[in-house]
Amino acid sequence: MKNYIIPIFIPHYGCPHTCVFCNQRKITGIQTDVTQEFIQNTIEYHLNRIRGNKFVEVAFYGGSFTALPLSLQRKLLEPAYRYMQAKKINSIRISTRPDCITSDILDNLAAFGVETIELGAQSFNDSILARSERGHTVDDILRAAELVRGHGFHLGIQLMPGLPGDTWQTIMASLFYTIALCPDFVRIYPTLVLIQTQLAQLYKNGDYQPLSLKQAIQYAALMKLTFIRHDIQVIRVGLQASEQLDDGETILAGPYHPAFGELVDSYLFKIQMDQLLERLPTQYGEIIVHHHPKDTSKLRGNKNCNLGSWYKEYQLKNIILKQDLAILHHVVVEFQNIKYSLNSDLLVMI
C-alpha cells in the first residue's frame, strides 16, 4: 500500500530559538495562524483527492510541535485524531526539537494517535549546534531518541550537512551517530542560505560559505548509500520544491535544485556504473542497462551527463537503456551475455 501524506505546516510554532538558518515562513509559504478549521479543511481537501487504497498519514511539519503548551498540542491534534478514529486516516506524525521531549509530552502524543516523531537533530557536533544557535546539545538528541523509542514511537532523524563549521569529517560523524540510534528513517536537508536569516548576514559578511551543488550532491549521495546499507530508509533528500523556493528571491546561496533528490540518485547510479565499467573491457563494446521506467532519467543524468561520461570515459560503442517493470530499486547491466546487478552493495554478478 502506498503512503499518502497530508501535510500541515505550522511554521515557527513553539520554537524557543531562532536558528541561524531558519526562515520557515519562506520555506512553507504559510503566513497565517493554523486553526482547527484549517486543519480539518486541509484533511478534507486531500481525502477528496485520494484515489485507490492508500496509507494516509497527517504530518505536522515545521516549528517545534512539542514546545507548544500541552493544551495547544491537543487542540491541533484533535481534528486529525477524529479522522483517525473514524478510520479515514491511518496515522499521525509530528516533527520537533530534541530538547522538547519528556515522558509526559510523549504520553499526550500517544493519547492523540501520534505514531511517528521526527527529531530535528541537524548535527551531532556540539560546536556546530552552538554556532547554528540550535539551543540543544548532542546529549539532548540522544536522550530524546531513547525516550521516543522507549515509548514505542517510530523515530525519524533530520540532518543538515553544511551548517557553519561543518566538514566532511563532522558530517560523517553525524552520519554514524545517526546509524547508532537505529532510526526508522532519515531526512537529509543540505543547508541553504535563506533571506532574512542570520546565516544570510554571515554569508554576506564572508563568514560562511555554503556547500556547492556538486559537494552537496556527493555528500548526500554517500550519506544515503550508507544509510541504505544499514537498512535505514531515506525518505527525503533536499527541500521540497515550492513557488517560494523557486522564486529566485528566497534563496540567497547554497546547493538548491528543484530536483535535488533525483540528482543524488543519478550520481549514485553513476558511481555504481563506474565501478562496474572500470572492471570490464568496454572499448567499442555494447552494454544493455535493464531498469525500471522510473529510473530512466536518473540513469541518463541531468542533460544526459551520465551517458556522455560513460561513452567518453569507457569508449563504449553503444549504451542501450531497456525498461523493465520487474526490476525495482536496482539495475541490471548486460555485457557480453553476462549480467551484473547494481544495488546498494554496488556490484553483484548474477
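At 72% relative accessibility, N337 sits out in the open and counts as exposed, since the cut-off for that label is over 50%. This is a predicted model, and N337 is a handy place to start looking around it. The residue lies in the loop that links β12 (331-335) to β13 (338-342). Its backbone is a bit unusual too: phi of N337 is near 65°, a positive value in a residue other than glycine.

Y284 tells a similar kind of story. Here phi is positive as well, at about 60°, although Y284 is not a glycine. Y284 is found in the loop between α10 (260-277) and β10, and with a relative accessible area of 58% it is exposed.

Moving along to strand β10 (residues 286-291), we come to H291, which lies in that strand. H291 has a relative accessible area of 0%, so it is buried. Its side chain does have a polar partner, though: one of its polar atoms lies 3.0 Å from the backbone oxygen of V289.

Now for the sheet. Seven strands form an open sheet, running in the order β1-β2-β3-β4-β5-β6-β8, and the pairing is parallel. The edges are taken by β1 (2-9) and β8 (233-237); each has a single partner strand, so one side of each is left without a neighbour in the sheet. From one strand to the next, the twist averages 25°.

Strand β6 is worth following residue by residue. On one side, β6 (residues 185-188) pairs with β5 (residues 154-159) in the parallel sense, over four bridges. Within that pairing, G156 stands opposite F185 of β6, and Q158 stands opposite R187 of β6. Strand β6 also pairs with β8, again in the parallel sense and over four bridges. In β8, R236 is the bridge partner of R187. R187 therefore turns up in both pairings, facing Q158 in one and R236 of β8 in the other, with the pairs resting on DSSP bridges. As for the side chains, F185 and R187 point one way from β6, while V186 and I188 point the other way, and all are buried. That puts the arginine R187 among the buried residues of the strand. The link from β5 to β6 goes by way of helix α7 (residues 168-181), and the three together make a right-handed β-α-β unit.

Next come the aromatics. The structure holds five aromatic pairs. One of them joins F60 and F65, whose ring centres are 5.2 Å apart and whose planes meet at 55°, so the pair is tilted. Calling it tilted makes sense because planes under 30 degrees apart would count as stacked and those over 60 as edge-to-face. Both F60 and F65 are buried.

Finally, the cysteines. The structure holds zero disulfides. C19 is in no disulfide, and the nearest cysteine sulfur, which belongs to C22, is 5.9 Å away. A disulfide would need the two sulfur atoms within 2.5 Å. C19 counts as buried, at 4% relative accessibility. C100 is buried as well, with a relative accessible area of 11%.

Methods:
Residues are numbered from 1 along each chain as its sequence is written. This is a predicted model: local features need pLDDT of at least 70, side-chain atom pairs count only at pLDDT 80 or more; totals for chains, interfaces and linings use all residues. Side-chain values use heavy atoms; hydrogens and water are left out. Two strands pair if DSSP finds at least two bridges between them. Helices (H or I, at least four residues) and strands (E, at least two) are DSSP runs, numbered from the N terminus. Axes are lines fitted to C-alpha atoms, for helices over the stretch in contact, and angles run from 0 to 180 degrees between N-to-C directions. Rings of Phe, Tyr and Trp (its six-membered ring) pair if their centres lie within 6.5 Å; planes under 30 degrees apart count as stacked, over 60 as edge-to-face and the rest as tilted. Buried means under 20% relative accessible area, exposed over 50%, partly exposed in between (1.4 Å probe, protein chains only). A crossover is right-handed if, with the strands pointing away from the viewer, the path from the first strand over the helix to the second runs clockwise. A polar contact is a pair of N or O atoms within 3.5 Å; within protein, one must be able to donate a hydrogen and the other to accept it, and residues adjacent in sequence count only if both atoms are side-chain atoms.
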